[in-house]
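Please look over the sequence and the model below. The text after it walks through two regions of strand pairing.

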Amino acid sequence: MIICMLLGWLYFIRRILSALFLTMVVIVASNITISIVIAAPLLVQDSLAVEYDIVVHIDPVEQTIKGRSVIATTSSHELTLMLGQRFKVTHAFIDGVTLKPSGYGHLMHTWSVPASQRNVRRYIEIHWDGKLSPLNTSLDHQQTLGRAEPVSGSLGTFLPDSSGWYPRIAGELSSYRISIEMPSGQRGIVAGRLIKESETSESYHAVFEFPFPSEGIDFMGGPYIVTTDMMKSAGGKRIQLRTYFHPQIKELARGYLDKVKGYIDLYESRIGEYPFTEFSIVSSPTPTGFGMPTLTYLGINVLRLPFIRNTSLGHEVLHNWWGNGVYPNYQVGNWSEGLTTFMADYAYKERIGPEAAREMRLGWLRDFSALSLGQDSALERFATRTHGASQIVGYNKAAMMFLMLRDLIGYESFDRAIQAFWHHQRFRIASWSDLRHAFETESGQDLQIFFKQWLTYTGAPAVHIAKAIRRQSDSGYRVTITLEQTGVSALYSIRVPIVVYTKDSKETKTFDLDRGRQTFSFKLRAKPLEVALDPDFRLFRRLTPDEAPPILRQIMVNQAAVTVLLSEKGGAHVAGYELAKKLQNRIPKIVLSKDAFTATSVLVIGLQEQVDRWISSHKLPVRPVIMRSNGTAHAWTVKHDGVTLAIVSAKDTTSLKALVRPLPHYGRQSYVVFDGAKAIERGTWPARVQVVKLN
Ligand SMILES: [Zn+2]
């Protein structure tokens, strides 16, 4: 299961357990059979094959599940079998012999299945039943996934793999066949190919097969209306497309199916044939959003947002190549989110135009610069998105790394490497070094340093123009420019774009900077007037304060940020506290007004008059013009004496309370004006690129 960055406000928890247990197994699958290849050097000898054959009956009204599973394995290792503790096991056998009673894990029944002789096929059979939790549609995305709880109701059923809803062997990729029974009117779906489906007046029945190595099974069900379509893959294979939508959004089905076709076509032409024979979009009654092989599960209200089909949908489709077609090796870093962000979210911006793409790059760099020093970790340590900082590194920094790589080796080599990587790694676990190998082979360049610095260093280089001089010569002009990289523990080897402006034109020069301070010079016929450092933001670097004006996120992600509540008691105090807690996703550090400037990051919350008084008593810049006349509440950032402040000011307690839900979604803004809970104005203070006039 790949969980995606669907919206800024959706935070995600991956099945960490699965990730930790992943072994390095190389598995090759043909269309019909699965062969397990045990290859050196990554592999644990005697790696195992696991196949599940499951029959399950789920009743969303009664909130019950009853199932039978036969697990076939050829492993000779000792295995751990797990099932959610809420379920009751009625039969459990291994090769016809009753399994010993289970142990008690924290949330799971666990059984130890003893080691056996090699190459013997063993069968474990388990029958189980139990109650599911009632569906609570008021949960947000984080709660939907984070609770790892199997939930069911007439509006929807979601059984995440991590809830232990079926007996599974811990930490092993496996194939499966699952037969689902539900009451009539309900539909159930898991990742894989639908091979049988029938419905009577009493019940619905469907059989799914997933013949590829899978990390686990997530089950979704609901009162779905299914709309289908079909397309042919690049290789002529039939791909079945479906939407499983709640009745209230059934009219959106056609638009989504058409978009999916476009995305599959696009990525087949860029990468290679779509690896599966189906793709489904499934609606969820909770505002969740993530993807699995062959399907994506999106909240009803998420699906209603018009931009989702132009952004997140393509991202989810692409995960069938990156993440669910080639698996990241989580122990040595997850490259799949960065590559997917680069080839989906970023590529769509490039398609709109250079300005939109530049805006996205600037946004990434601005987000990164909002982190305080030392708050990020090296990209190779990113496994999954758990908080804002991990997304800024694992998605954005990684996507920017692919952009710099394409700038370095050229579009053609880049595309060939992507295709070769897919060709060689399909249905295998691949790491960053496999990617490096593909890019080195296709470009003929040694990329050791490039990959090493972007993957293993924390932080980013801070680069500036130390000196720039123009001299007249016989044939024109000579410019000498000195570049410096500062504030980094290790020096980077980077290509710095410098744009030279003359009266009528501009020209981009690229300089290879690999020392702390280096001087470069070049000739020009026309008179150069000024030089700018990376004005298009193509280099991953720490922006200067002018380039990165403060955004609200700075006080959201900075763990050292303190909060001043200007109302010391009453409703405005309570609402201010709630807002601070929600913004920072932690218990806020409340300080007295007089101690505010002892921190470098300060959140100030109060009612309008209190805020105005506080601003003037601290001699801060006055409330920005854009906020003076309208709205019921304002939030804005200001930098003063090295301190970044986010100031939140509301007309009254009700207006302050109204910000608790929406304001955390505006972290990328420098200012927001609210009318009640609705943002009516927002924006970032302009970025000023580094420019030096030539004299
Ligand atoms: Zn993703």
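The paragraphs that follow take up one buried strand with its partners, and then a separate open sheet.

This is a predicted model, in which local features need pLDDT of at least 70, side-chain atom pairs count only at pLDDT 80 or more, and totals for chains, interfaces and linings use all residues. Residues are numbered from 1 along each chain as its sequence is written.

Start at strand 35, residues 601-607 (strands are DSSP runs of E, at least two residues, and helices runs of H or I, at least four, numbered from the N terminus). Seven of its seven residues are buried, meaning that 20 or more other C-beta atoms, placed from the backbone, lie within 10 Å of the residue's own. Ser601, Leu603, Ile605 and Leu607 point one way, while Val602, Val604 and Gly606 point the other way.

Strand 35 pairs in the parallel sense with strand 34 (residues 562-565) over four bridges; two strands pair if DSSP finds at least two bridges between them. Val564 stands opposite Val604. Between these strands the chain passes through helix 13 (residues 570-584), and this β-α-β crossover is left-handed (a right-handed one runs clockwise from the first strand over the helix to the second, with the strands pointing away from the viewer). Strand 37 (residues 643-650) also runs parallel to strand 35, joined by seven bridges, and its Ala650 is the bridge partner of Leu607.

The open sheet has four strands in the order 31-30-33-40, with antiparallel pairing. Strand 31 (506-513) and strand 40 (690-693) each have a single partner strand, so one side of each is left without a neighbour in the sheet. Strand 30 (residues 494-501) pairs with strand 31 over eight bridges, and Tyr501 stands opposite Lys506.

Methods. Buried ≥ 20, exposed ≤ 12 C-beta atoms within 10 Å, placed from the backbone.
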